[in-house]
Amino acid sequence: VLGAARYEHVTFDYGWRFRFGHAPDGAPGPGDTTFSDIAGFVCSNMEHNPNRFTAYDCMVACAYNPQCMAWQQDTSYCTHGQADAKCSKSSSHGVANGGQRSSAPPLRTAYKFAEQNFSDADWRVVDVPHDFVVEGDFVQMPDVHHGFLLRNVSWYRKSFHLPTDWKGSHIELYFEGVFHVAQIWVNGQYVQMHTCGYTGFTVRLDNVTGLEYGTETANVVAVRTDATFGSGHWYEGGG
């Protein structure tokens, strides 16, 4: 008779290292992407992208989507278009803000902060849930929807050991939510991205090459959190 499969739950809420601000070798957004200015253009084959209330939110959301080739933001709505989007200059009916690109560059995944051997000893220790936006300063900016608090990119890292008897087991790390766009590395290897800050997601660990078991060498999970843009007309925070 086979016994019931063993299931263990270990909390990861405590002892994260946190660094406010984007990496010195990085910047807000997904990486090297450039849109040509199409302010004052009329575009067809565009779809409404809801809950983007500034031109910046609309643009960055498009930049993270490899299928998005064009964006437009008027007073109260954002639209995105794929490769079949057609845009032309208009003297009377053009949209106030917009951008278009011919291709989407690969998502940037090489950062010093994500490397396994990077020293985060001088980073602040925090427990999660953690909101780094609310810790910031109020600024004079037109984004009334988010309380005039500056949104940015920040980083989290956590070192951990896995028991040797877990080798050969299914191991996963569950995030209840990371706002807004999360990129995940394990031991310096880029694993995945999650683009919705309102949904949980799972990171599979046991199939990561070079995962360490035992107490000799620690594993490191690194999380880049881009909260520079949002998807709601309320305060959303970041972290």
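Me: Quick one to start: which helix does Cys 58 lie in?
Reply: Cys 58 lies in helix H1, and please keep in mind throughout that this is a predicted model.

Me: Is Cys 58 buried or exposed?
Reply: Cys 58 counts as buried, because its relative accessibility is 0%.

Me: And what is Cys 58 in contact with, leaving aside its neighbours within four places in sequence?
Reply: With those neighbours set aside, Cys 58 is in contact with Arg 52, Trp 71, Gln 72, Gln 73, Cys 78, Thr 79 and His 80. For a pair much further along the chain, Cys 58 and Gly 232 are 174 residues apart in sequence, while their C-alpha atoms are separated by 12 Å.

Me: Cys 78 is on that contact list, so what joins Cys 58 to Cys 78?
Reply: A disulfide joins the two, with an S to S distance of 2.1 Å. This pair links distant parts of the chain, since Cys 58 sits in helix H1 and Cys 78 in strand S5, 20 residues apart. The torsion about the S-S bond is about 75°, so the disulfide of Cys 58 and Cys 78 is right-handed. Cys 78 also counts as buried, at 1% relative accessibility.

Me: How many disulfides does the structure hold?
Reply: The structure holds three disulfides. Besides the one just described, Cys 43 and Cys 87 form a disulfide with their sulfur atoms 2.1 Å apart, and Cys 62 is joined to Cys 68 with an S to S distance of 2.0 Å.

Me: What parts does the Cys 43 and Cys 87 pair tie together?
Reply: Cys 43 lies in strand S3 and Cys 87 in strand S5, so the pair ties together parts that are 44 residues apart in sequence. The torsion about the S-S bond here is about 115°, so this disulfide is right-handed, and Cys 43 is buried, with a relative accessible area of 16%.

Me: Then is the Cys 62 and Cys 68 disulfide right-handed or left-handed?
Reply: Left-handed, because the torsion about the S-S bond of Cys 62 and Cys 68 is about -100°. Cys 62 is buried at a relative accessible area of 0%, and Cys 68 counts as buried at 1% relative accessibility.

Me: What is the pairing if you number the bonded cysteines in sequence order?
Reply: Numbered that way, the pairing is 1-6, 2-5, 3-4.

Me: Why does Cys 196 have no bond?
Reply: The closest cysteine sulfur to that of Cys 196 is in Cys 78, and it is 15 Å away, which is too far for a bond. Cys 196 counts as partly exposed, with a relative accessibility of 30%.

Me: Changing topic, what order do the strands of the sheet have?
Reply: The sheet is open and has five strands in the order S2-S6-S4-S5-S3, with antiparallel pairing. Strand S2 (36–37) and strand S3 (41–48) stand at the edges with a single partner strand each, so one side of each is left without a neighbour in the sheet.

Me: Where does helix H1 pack?
Reply: Helix H1 (residues 55–64) packs on the sheet, where it touches S4, S5 and strand S6 (97–100), and its direction makes about 165° with that of S4.

Me: And how many bridges join S4 to S5?
Reply: Four bridges join strand S4 (residues 70–73) to strand S5 (residues 78–89), and the two run antiparallel. Within S5, Cys 78 is the bridge partner of Gln 73, and Cys 78 is also the residue whose sulfur is bonded to that of Cys 58.

Conventions
Residues numbered from 1 in each chain as written. Predicted model: local features only at pLDDT ≥ 70, side-chain atom pairs only at ≥ 80, totals over all residues. Heavy atoms only, no water. Pairing = 2+ DSSP bridges. Contact = heavy atoms within 4.5 Å. Axes fitted to C-alpha atoms, helices over the stretch in contact; angles between N-to-C directions. Buried < 20%, exposed > 50% of the residue type's maximum accessible area, 1.4 Å probe, protein only. Disulfide = S-S within 2.5 Å.
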